Protein chains: 2
Amino acid sequence: MTLKELSEQLNVSPSTISRVLNDKPGISSKTREKVLEAVKQTGFSLNYAARNLATSEPRFIGIIGRKRGGQQDSIFFHHSMAQFEEYFEHSEYQCVNLSVYKEEVDFTGTPLSVSDFAGFIVRGQSFPVRTILTLKQTGVPIILLENKLSETNLDHVVCEDRQIAFDLTKHLIDRGYKKIVHITGPESWYNNRERIAGYIDALTQAGLKSEILSMEDTTVDTGSEAFERLQPNKLEHLGIMMVNDAMAIGFLDTARKRGFLVPSDIGVTGFDDIPWARLAYPPLTTARVFIEQMGKLAAGRLMQMIEDPDSRPIAIRVPGEIIIREST
Amino acid sequence: MTLKELSEQLNVSPSTISRVLNDKPGISSKTREKVLEAVKQTGFSLNYAARNLATSEPRFIGIIGRKRGGQQDSIFFHHSMAQFEEYFEHSEYQCVNLSVYKEEVDFTGTPLSVSDFAGFIVRGQSFPVRTILTLKQTGVPIILLENKLSETNLDHVVCEDRQIAFDLTKHLIDRGYKKIVHITGPESWYNNRERIAGYIDALTQAGLKSEILSMEDTTVDTGSEAFERLQPNKLEHLGIMMVNDAMAIGFLDTARKRGFLVPSDIGVTGFDDIPWARLAYPPLTTARVFIEQMGKLAAGRLMQMIEDPDSRPIAIRVPGEIIIREST
DNA sequence: TTGTAGGCGTTATCAC
DNA sequence: GTGATAACGCCTACAA
């Protein structure tokens, strides 16, 4: 059904209905109610295409992340996606997931183009800076979630990576581990760099020497691999501050297979508190990151940016929470 | 840039460019190439809204599932979503996730309406039949993934739930467990019913008595709870055929805490082979379900249905693969 | 407070 | 083979 058809039924003009449906002023409450009632009865809804053609106001929110095919990302993906969708549900915006396996966001051959987007949420680390900068040049508001760019001023929502890493490291020190190693992923990722800084802060404060092992990725498998590369011996009484839970769980698994006792021979901390962390054996000491809250904050801030395109970029930082279990 | 603007640059009419871009016949290869070249140069792309308004051809694929807030769903969600998106990437269609917490799909207040959708993929179990039937009445092609409706003939992609459940149960019998219990979720879910059938098939064949415990949900927590409800004793030499991995992992965790040895006191099998199954302690015997492949099949079949709306509904069934680890 | 008319960018139909 | 023209359904001046 079209506006015109409905208007004929109601003996009003299409514009009147349009005004009611767009909450425009200057309509008598009597007609307004009559229209609203009829809309409800008939289940009428405005045609997106026609509407967008007339106003050229974009109605989509693009959620962008890089798919890495790994399992460790799926929980974060799911939880933050759910927050975005919930936030924009029944708003005038529709979320669309634009995550790609490649390094570029590419609309060719796609029904949508950049001009259909009111804003973008860019999730996570594994995106080249160049790609984000290209996106920025479109002029569409962008907010980064779990990332931050030093190259340019972009709104972003991150957790207090550095502080949390500091706290975790300090916890290992307090537990009395002799040598404390940090195992991390690519240093091109913002949060890895921050966590390294927090680790070093804590060691420096305690007068200990730092040792960092960087892996190519941050999966369960690279966690296992890290154990093999490290070749720990029990006398070292090692404390491991892992950059995330998935790696920590892989590390724990291999340590157990090699006959190491956790936490007595080696202590391990994770980062994120994914649902499986408490089910690891032994249950993983880690830091809870409030990803749902962060997702909601990102969506809310993006909405502000859309409504007020001139607002200056801000940083939103969400604290974490250390959760001590039996792996330390 | 608009078609008209581009046409002025090129000294051809808008219709000509439109024809080229839509692969219509009746264009000299010279003009065709000239246009294609200019489009590439300028990065021009057709306006979705205008295009849709003119053709009224829907360009969206709706992915529908019910969000349950649990973690156990996220891996399946992520993996199948990734397959849909990959399949429709650079097609004329755009995937949109319409998953909801409620029981209805509701477009009110949303920029999109039913008429924007070329097809729907309905994922998983936790949707009332009524909702799916309502959706069906729109006339838009629908395919069910990991579900099947006896109420009506709908295309669907499922795994061989019954056969796999049979194989898992048989494995427990072969391992010599005395009493074999099946722990499942709501019987309103298609795959739970199928798995129960497979379990009973195997027990009947072996001349054993069945015992089924149904829980409200199929999460890690309900897995733990199932252990408490069952109150096993070691003399029973129990084999547990769990309806999924998450529950099995919860069960294992609690069993260990209560001092039970797996697999000697109790044997446990999962279902799905989620990435965490091999990391459970002990590593979980389970059945691998090829969710990526199933997602791709669903997308492909939906595409066929869109192209040929009269094709008769079919069932696609994908076998699983038993993976024996140390929990049995 | 309400109605009328023109235009948004594309496609389809018809004419050349 | 190509160009003109009329829709598609909605919004927004402007008119009443």
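**Entry 1: the annotated domain.** I began with the record: UniProt, in an unreviewed entry, lists residues 1-55 of chain A as "domain: HTH lacI-type". I kept in mind that the model I am reading is predicted. I then looked up what this span is made of, and residues 1-55 of chain A turn out to be 69% helix and 0% strand. The C-alpha atoms at the two ends of the span lie 20 Å apart.

**Entry 2: who sits around DNA strand C.** Next I turned to DNA strand C and listed its protein neighbours. There are 26 residues around the strand, and those that come nearest are Ser15(A), Thr16(A), Arg19(A), Leu3(B) and Ser18(B). I also checked which part of the DNA faces the protein: of the atoms of strand C that come within 4 Å of the protein, 67% belong to sugar and phosphate.

By residue type, I sorted the surface near DNA strand C into 9 nonpolar, 13 polar and 4 charged residues.

**Entry 3: which helices supply that surface.** Which helix gives the most to the surface near DNA strand C? I found H4(B), with 4 residues. Both chains take part: helices H2 (14-21) and H4 (48-55) of chain A, and helices H2 (14-21) and H4 (48-55) of chain B, each supply at least two residues.

**Entry 4: polar contacts to strand C.** I went through three contacts one by one.
- The side chain of Ser15(A) has an N or O atom 3.0 Å from a base oxygen of DNA strand C.
- Leu53(A) uses its backbone: a polar atom there is 3.5 Å from a base oxygen of DNA strand C.
- Leu3(B) also uses a polar backbone atom, here 2.4 Å from a phosphate oxygen of DNA strand C.

**Entry 5: a sheet in chain B.** Then I moved on to a sheet in chain B. I read its strand order as E7-E6-E8-E9, an open sheet of 4 strands with parallel pairing. Strand E7 (211-214) and strand E9 (266-269) of chain B are the edges, each pairing on one side only. From one strand to the next, the twist averages 20°.

As a reminder to myself, strands of a sheet pair through backbone hydrogen bonds. In the E6/E8 pair of chain B, residues 179-184 and residues 238-242 run parallel over 5 bridges. One position I noted is Lys179(B), which stands opposite Leu238(B) in E8(B).

**Entry 6: helices on the sheet.** Last, I looked for what packs there. Helix H8 (residues 190-206) of chain B lies across E6, E7 and E8 of that chain, running at about 175° to E6(B). Helix H9 (residues 220-230) of chain B touches E6, E7, E8 and E9 of chain B, and its direction makes about 130° with that of E7(B).

Technical notes:
Residues are numbered from 1 along each chain as its sequence is written. Chains are lettered from A and ligands numbered from 1 in the order in which they are written. This is a predicted model: local features need pLDDT of at least 70, side-chain atom pairs count only at pLDDT 80 or more; totals for chains, interfaces and linings use all residues. Side-chain values use heavy atoms; hydrogens and water are left out. UniProt positions are given in the numbering used here, feature names are shortened, and annotations may be inferred rather than shown by experiment. Two strands pair if DSSP finds at least two bridges between them. Axes are lines fitted to C-alpha atoms, for helices over the stretch in contact, and angles run from 0 to 180 degrees between N-to-C directions. Contact means heavy atoms within 4.5 Å. A residue is near a molecule or strand if one of its heavy atoms lies within 4 Å of it. A polar contact is a pair of N or O atoms within 3.5 Å; within protein, one must be able to donate a hydrogen and the other to accept it, and residues adjacent in sequence count only if both atoms are side-chain atoms. Ala, Val, Leu, Ile, Met, Phe, Trp, Tyr, Cys and Pro count as nonpolar, Asp, Glu, Lys and Arg as charged, and the others, Gly among them, as polar.
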